[in-house]
Amino acid sequence: MGSLHRAQLPLTCCRQRRRKQPGAGRCGEVRCSWKQQRRTTTGKRSSEETGSGKTGFQEDFSEEVAMMMGQGFVVQGSNGEFPFLTSSERLEVVSRARQALPKDKLLLAGSGCESTQATVEMTVSMAQVGADAAMVVTPCYYRGRMSSAALIHHYTKVADLSPVPVVLYSVPANTGLDLPVDAVVTLSQHPNIVGIKDSGGDVTRIGLIVHKTRSQDFQVLAGSAGFLLASYAIGAVGGVCALANVLGSQVCQLERLCLTGQWEDAQKLQHRLIEPNTAMKQLGLPLGKRGCLLPRRAILSYPSVCAPSCASSGHTLRNAWNTFLLPGL
C-alpha cells in the first residue's frame with residue numbers, strides 16, 4: 001500500500017472550508033503510513049484468535065500502520081492495477097482498506113474511469129464506502145479528442161459532484177496523455193480540486209505548474225522517487241513513490257532532508273535511490289506500491305489487488321534492496 005507524508009497543510013483540510021457539499025467527506029489530517037509485504041495465509045490469525053472482531057490480517061495491518069512512519073494510504077493507483085477490476089471489486093477494495101485502517105488514517109482512492117459519468121459514479125461510491133479523497137486519472141481511450149477544454153470539462157464535472165476532494169493524476173507512460181499545463185492551472189482554481197500527482201518525470205513541467213498555481217491551495221506531487229529531490233527543489237510539496245514499498249524509510253528520509261534544507265545529504269541519498277528505483281520500474285511491483293504522496297507533508301501509497309506477475313515480486317523486492325546496498329552507491 002501507499003502512504004502519505006504531511007508537509008504544511010493536510011490534504012483534505014486545505015480545501016474543506018471551501019467545499020460546497022455540506023457535511024461531505026471527512027476532514028481528517030493527512031497521515032503517512034505504509035505496509036510491508038502482505039503476510040502469507042499461514043501467518044494470519046482468525047478474528048476469534050484476536051478477540052477484537054477484526055480478522056488477523058486486519059489487526060496485524062493496523063498494528064503495522066501504528067508502528068510505521070506513514071500516516072495514510074492510497075488504493076488503486078497504477079500499481080493497484082484497477083483496470084483489471086470490476087466496479088464492484090474496486091469498491092470492495094476501498095471498503096476493505098477502510099475497515100483495516102485506523103479511523104484517523106487518511107484513505108485516498110483512485111476513481112478514474114473513461115467516461116465522466118462513470119467517474120462521477122465511481123467517485124461518489126468510493127466516498128460512500130470510506131474514501132477520504134479521490135485521485136482521478138486522465139481518460140485516454142480517445143486521447144486524440146482529449147483537448148484542454150475536454151479535460152477541464154471532465155474534471156470540473158467530477159469535482160462538482162464529488163463529496164470528497166479530488167487529486168488530478170497525470171501518468172503519460174500508461175495513458176499516452178499528459179494533462180496540459182493550462183488545464184491544470186484552470187482546474188487548480190476549483191474549490192474541490194486540491195492537487196496533482198504528476199508521473200511524467202518532466203521537472204520543467206512540474207516547476208511550471210508549481211509557479212502557475214502558487215496563488216492557489218494546490219499541491220504538486222512528483223510521481224516517482226527518481227525525481228523527488230529535483231521536484232522538491234523547484235517547489236513541489238512531495239511525491240508518490242513506488243520505491244517506498246521497498247525502501248520506505250529511505251524515501252521518507254529523503255523527504256526530511258529536503259524539507260530541512262540539507263541538500264548535500266539529500267543529493268547523496270537521491271543518487272543512491274536512482275538505481276533501485278530503475279529496478280522497480282523495470283521489474284514492477286505487482287504486490288503493492290507503497291508511494292510517498294507528500295502533499296504539504298503527506299505521503300500516500302498504493303496497494304495492488306490483481307497480480308498477474310506476482311511470482312516476480314520477491315525478486316523485484318530483493319533486486320531493489322540489494323542494489324541500494326551495493327558498495328559505492
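Here is a walk through the structure above, from the whole chain down to a few helices and one unusual loop residue. Keep in mind that this is a predicted model.

Let's start with the overall picture. The protein has 12 helices and 9 strands. Of its 329 residues, 55% are buried. Take the contacts between residues at least 6 apart in sequence, and you'll find that 75% of them join residues at least 24 apart.

Now zoom in on a pair of helices, H4 (residues 116-128) and H5 (residues 148-161). They pack with their axes 9 Å apart and at an angle of about 30 degrees. Angles under 35 degrees count as roughly parallel, so H4 is roughly parallel to H5. As for handedness, the crossing of H4 and H5 is right-handed. On the H4 side, the contact is made by Thr116, Thr119, Val120, Thr123 and Val124, while H5 brings His154, Lys157, Val158 and Leu161. Look at the spacing of those numbers with helix geometry in mind: an α-helix has 3.6 residues a turn, so residues three or four places apart point the same way. In chemical character, the residues of this contact divide into 4 nonpolar, 4 polar and 1 charged.

Next, a stop in a loop. Between strand E2 (72-75) and helix H3 (87-100) sits Gln76. What is the phi of Gln76, a residue other than glycine? It is positive, near 65 degrees. For background, most residues other than glycine have a negative phi. Is Gln76 buried or exposed? With 2% relative accessibility, against a cut-off of under 20%, Gln76 counts as buried.

Follow the chain out of that loop and you reach H3 itself. Its 14 residues, at 1.5 Å each, should span 20 Å, and the end C-alpha atoms are indeed 20 Å apart, so expectation and model agree. The buried residues in H3 are Arg90, Val93, Val94, Ser95, Ala97, Arg98 and Ala100, and that list takes in two arginines, Arg90 and Arg98.

Finally, H10 (residues 248-259) lets us repeat the length check. For its 12 residues the expected span is 16 Å, and the end C-alpha atoms lie 17 Å apart, which agrees. Within H10, the buried residues are Gly248, Gln250, Val251, Cys252, Leu254, Glu255, Leu257 and Cys258. After the helix comes Gly261, with a positive phi near 75 degrees. So there are two positive phi values to look at on this tour, one at Gln76 and one at Gly261, the latter a glycine.

Definitions and conventions
Residues are numbered from 1 along each chain as its sequence is written. This is a predicted model: local features need pLDDT of at least 70, side-chain atom pairs count only at pLDDT 80 or more; totals for chains, interfaces and linings use all residues. Side-chain values use heavy atoms; hydrogens and water are left out. Helices (H or I, at least four residues) and strands (E, at least two) are DSSP runs, numbered from the N terminus. The expected span of a helix is 1.5 Å times one less than its number of residues. Buried means under 20% relative accessible area, exposed over 50%, partly exposed in between (1.4 Å probe, protein chains only). Axes are lines fitted to C-alpha atoms, for helices over the stretch in contact, and angles run from 0 to 180 degrees between N-to-C directions. Angles under 35 degrees count as roughly parallel, over 145 as roughly antiparallel, 65 to 115 as roughly perpendicular and the rest as oblique. A crossing is left-handed if the near helix is turned anticlockwise from the far one by less than a right angle, and right-handed if clockwise. Contact means heavy atoms within 4.5 Å. Ala, Val, Leu, Ile, Met, Phe, Trp, Tyr, Cys and Pro count as nonpolar, Asp, Glu, Lys and Arg as charged, and the others, Gly among them, as polar.
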